[in-house]
Structure formats: structure tokens, C-alpha cells
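Q: Please take a close look at one part of this molecule, and then explain how the surroundings are arranged. A connected account would be preferred to a list.

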Amino acid sequence: MKESLDFNKRKVIILGSAYPLRGGLATYNERLAKEYIDQGHDVTIYTFSLQYPGFLFPGKTQYSSEPPPQGIPIIININSINPLNWIKVGRQIKKDCPDLVIVKFWIPFMAPCLGTICRITRKNNHTKVVSIVDNLIPHEKRLGDKLLIRYWVNSVDGFIAMSRSVLAEIKEFIATKPKPTDFCPHPLYDNFGEPVPKEEAKRRLGLDIANSYLLFFGFIRDYKGLDLILKAFADERFRSQNLKLIVAGEFYTDSKPYYELIDHLHLKDAVIMRNEFIPDSAVSDYFCAADLVVQPYKSATQSGVTQIAYHFNKPMIITNVGGLSEFVPDGKVGYIVEPYEKDIANAIQRFYSENKESEFSSNAAIEKLKYSWERMIETIIDIANSQ
């Protein structure tokens with residue numbers, strides 16, 4: 001570990017989603033805060049009192065039903081649509097004068113709010129603002145995205161991309177005004193508990209322990225390719241096997257076409273639809289019950305699902321889009337396939353016919369060691385010190 005991490009206590013503010021909000025962004029920010037706290041730094045998360053207006057939020061609720069994370073100071077004070085609030089929060093952080101502000105950027109909608117807060121904060125001539133970028137250019141593009149992205153890019157001091165494809169996008173936006181930029185992969189999601197035996201996980205979920213299971217996990221949007229895995233799973237080779245597909249996650253798009261596809265493909269008995277938000281306390285059971293995690297995305301940069309799968313040493317099938325293939329060595333931890341149902345079906349068949357589960361799982365346990373939170377913090381510090 002670098003000396004600065006050992007001996008230089010820093011005052012850090014993380015801006016973004018956190019409890020009582022739910023989801024991957026909140027999980028990430030809370031886990032990052034925990035790492036800073038464990039290393040002896042002074043950390044506070046500033047989260048949203050209003051993240052999305054109700055009519056813009058595609059799910060059932062934005063809020064967690066689980067207990068709050070222990071030992072992480074969280075201030076609920078950001079309103080994403082109130083400019084007066086942005087000014088107030090910006091002035092408050094500017095006055096508090098933290099050494100570092102860290103902000104995850106994932107959608108252009110947040111650029112005016114978070115960008116304004118960061119611009120005001122930086123006027124204290126002390127605080128460095130580092131942006132960890134999930135996606136710079138969104139999967140679902142809208143008019144005005146590039147204008148909002150430029151506003152964000154000009155609001156911060158440096159960037160960390162969690163995939164090399166996003167790193168390339170950032171460099172395009174800062175070509176005329178370069179800023180410190182680096183790549184650091186998404187750290188391991190190791191905060192969902194320890195693995196449990198497969199049969200125990202199946203029982204907890206009410207699944208038949210005699211069956212084998214594939215897992216499609218997370219919020220369901222059209223770009224995530226649920227239709228591709230459904231079509232792949234209709235392959236005749238799987239009809240005679242005790243093989244089921246679990247779809248675990250809440251729809252953030254119209255669910256009707258997917259249920260119609262299941263009917264059309266005669267998959268009602270083969271697909272288990274658990275279409276609700278999966279709380280943190282149940283994540284372990286879904287991953288531990290599965291032999292294989294499938295991410296059939298049509299577009300992507302990186303995915304937190306990959307890092308959950310790694311935590312539970314799960315083999316994966318991913319599609320060769322965006323930055324996904326950077327994180328899953330083909331033929332070692334899983335298979336990289338083109339985003340076509342036939343290719344996905346062939347990979348599933350190969351996985352089972354060649355009995356790859358034990359080999360891939362063992363390799364995942366080794367491969368995941370490179371995805372540490374310590375590495376992320378070292379990269380953040382390097383960017384902040386590059387100013």
C-alpha cells in the first residue's frame with residue numbers, strides 16, 4: 001500500500017446515491033466509503049433527498065427496505081432538480097473544505113446537479129474532485145446528452161474509468177483540455193455475505209434441488225438482452241435437461257414483450273421469473289444457487305453483476321460488447337460470445353457438456369484477486385495528486 005494511504009488522513013466526501021436509496025450505485029458508494037474508513041480516513045456520503053422525480057423513475061420504489069449500513073456517516077441533502085439546493089450544498093462543501101470529493105457519474109441527467117455542486121466546491125482552491133465514470137455516453141441516448149456530458153467533464157479535476165471503452169470516450173471529450181485520467185476496474189462486490197452451499201441456497205429460494213440453474217440478474221432494461229437469453233434457452237438441446245433459467249430483477253422497461261416471448265417459446269416451465277428488486281440479504285442465495293451467470297447484453301461498458309459473480313466464484317457467459325470482455329477471460333472463467341442467441345446457446349451447451357463448472361469456479365477465485373478496493377483508492381489518490 002502506498003505511504004499516502006497509510007499516513008495521510010484525508011477528509012473525503014462522496015457525492016451520490018446511498019442509503020436510504022437502494023441499488024448498485026448506493027452499494028458502490030457505501031462500499032467505497034467503508035474502504036476509506038477502514039484505512040483511517042474521515043469520510044461522509046452526501047446523498048439525495050430527491051434522486052429522480054417519480055415520473056422519471058422506472059421501478060417500483062427508489063428506497064431500501066433493509067437496515068442502514070453501519071458506521072458510515074450519510075447526509076441526505078441533495079435535490080437533483082432544485083438549482084437553489086445545488087448552490088446551497090456546493091457552498092456547504094466548499095466551506096467544509098474536504099481534501100477530496102468523489103462522484104460517480106452514470107447518467108447525463110445528473111450533470112447539472114452534481115456538476116454545479118462540484119464547480120462551487122472547487123472555488124475553495126483546495127478540494128480536488130475526482131469522477132468515477134460508469135458510463136459517459138448512456139446506453140439509452142437522449143437529445144442533449146453531449147451538452148450535459150460536457151458540462152460534467154468541465155466540472156471536475158480528473159477521471160477514473162472502470163472500463164477501457166469508457167476511458168476512450170473520456171479522452172475524446174477532454175482532447176482539447178486534457179485532465180488526469182486513468183483506468184481502474186470495478187472492484188469486487190464483497191459485501192453480500194459469504195457463499196453458502198448450493199443446495200442450501202436452492203432451498204432458501206424455494207427451488208427444486210434436483211435442477212440446475214442459470215442466472216440472469218439485475219435491473220431489466222432492453223439493452224441487457226433478456227430476449228437473447230430467452231431465445232437461446234429455447235434451444236431444443238435444453239428441453240430434456242433439468243435446466244432452468246432464473247430471471248432475478250425488477251423490470252425497468254415494459255415487461256409485456258418478455259412474458260409474451262416466454263409464452264411464444266413455450267418456456268413457462270423452464271424460466272423462473274423473480275421480477276422484484278432483490279435485497280442485499282438475498283443476493284447470496286441467487287448467485288450460490290446458480291451454476292452459471294449469463295450477461296447477454298446488447299451494449300455495455302462494465303457491469304457490477306460481474307463483480308458479484310466473482311465474489312461468489314461463479315462462471316460467466318458474457319457478450320462481446322463494450323468493456324465486458326475486459327473482465328472475463330474467455331475459456332478460463334467463462335465464455336465470451338457474440339450477442340446472438342445461437343452463440344449464447346452454444347456456450348451454455350459447451351459449459352455443461354464439458355463439465356466446466358469446477359474449473360471455471362477455481363479460476364474465478366484466482367482472477368478476482370486483481371479487483372481490490374485498495375487499488376481503486378490508490379488510483380483516486382494518483383488522479384488527485386496529478387493536478
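A: In this predicted model, a convenient starting point is Leu 215, which stands opposite Val 293 in strand S11. The two strands concerned, S8 and S11, pair in the parallel sense over 2 bridges. Strand S11 (residues 292-295) is also joined to strand S12 (residues 316-319), with which it runs parallel, by 3 bridges. Here Val 294 stands opposite Ile 317 in S12. Both faces of S11 are covered: Leu 292 and Val 294 are buried on one side, and Val 293 and Gln 295 are buried on the other.

Strand S8 (212-217) also leads to an aromatic contact, since Phe 219 lies in the loop between S8 and helix H8 (226-233). The discussion of that contact follows from a wider view of the aromatic residues. The model contains 17 aromatic pairs. One of them joins Tyr 52 and Phe 109 in a tilted arrangement, at 6.1 Å centre to centre and with 35° between the planes. Because Tyr 52 lies in the loop between strand S2 (42-50) and S3, and Phe 109 in the loop between strand S4 (100-105) and helix H4 (111-121), the pair ties together parts that are 57 residues apart in sequence. Tyr 52 is buried, its relative accessible area being 14%, whereas Phe 109 is partly exposed at 27%.

Phe 219 forms its pair with Tyr 252, and this pair is stacked: the centres are 4.3 Å apart and the planes differ by 20°. The contact links distant parts of the chain, for Tyr 252 lies in the loop between strand S9 (243-248) and helix H9 (256-264), 33 residues from Phe 219. Phe 219 counts as partly exposed because its relative accessibility is 23%, and Tyr 252 counts as buried because its value is 10%. Elsewhere, Tyr 335, Phe 351, Tyr 352 and Phe 360 form one aromatic cluster.

Charged side chains also meet aromatic rings. Lys 104 lies over the face of Tyr 28, at 3.7 Å from the ring centre. Arg 119 is placed over the face of Tyr 151, at 3.9 Å from the ring centre.

A further sheet deserves description. This open sheet has 7 strands in the order S3-S2-S1-S4-S5-S6-S7, with parallel pairing. Strand S3 (74-79) and strand S7 (181-183) stand at the edges with a single partner strand each, so one side of each is left without a neighbour in the sheet. Neighbouring strands are turned by 25° against each other on average, direction ignored. Within the sheet, strand S5 (residues 128-133) and strand S6 (residues 158-161) pair in the parallel sense over 4 bridges, and Val 130 stands opposite Gly 158 in S6.

Val 130 is also one of the residues touched by Ile 380, together with Leu 32, Tyr 36, Leu 100, Ile 102, Ile 132 and Ile 160, when residues up to four places away in sequence are not counted. In soluble globular proteins, nonpolar side chains tend to be buried together. In this model the largest nonpolar core has 98 residues, and those with the most contacts inside it are Leu 15, Leu 32, Phe 217, Phe 287 and Ile 380. Helix H14 (residues 373-384) supplies the largest share of this core, 7 residues. A second, separate core has 34 residues, among them Phe 233, Phe 251, Val 271 and Ile 348.

Notes:
Residues are numbered from 1 along each chain as its sequence is written. This is a predicted model: local features need pLDDT of at least 70, side-chain atom pairs count only at pLDDT 80 or more; totals for chains, interfaces and linings use all residues. Side-chain values use heavy atoms; hydrogens and water are left out. A nonpolar core is a set of buried Ala, Val, Leu, Ile, Met, Phe, Trp, Tyr and Cys residues joined through side-chain atoms within 4.5 Å. Buried means under 20% relative accessible area, exposed over 50%, partly exposed in between (1.4 Å probe, protein chains only). Contact means heavy atoms within 4.5 Å. Two strands pair if DSSP finds at least two bridges between them. Axes are lines fitted to C-alpha atoms, for helices over the stretch in contact, and angles run from 0 to 180 degrees between N-to-C directions. Rings of Phe, Tyr and Trp (its six-membered ring) pair if their centres lie within 6.5 Å; planes under 30 degrees apart count as stacked, over 60 as edge-to-face and the rest as tilted. A charge sits over a ring if NZ of Lys or CZ of Arg is within 6 Å of the ring centre and within 35 degrees of the ring normal.
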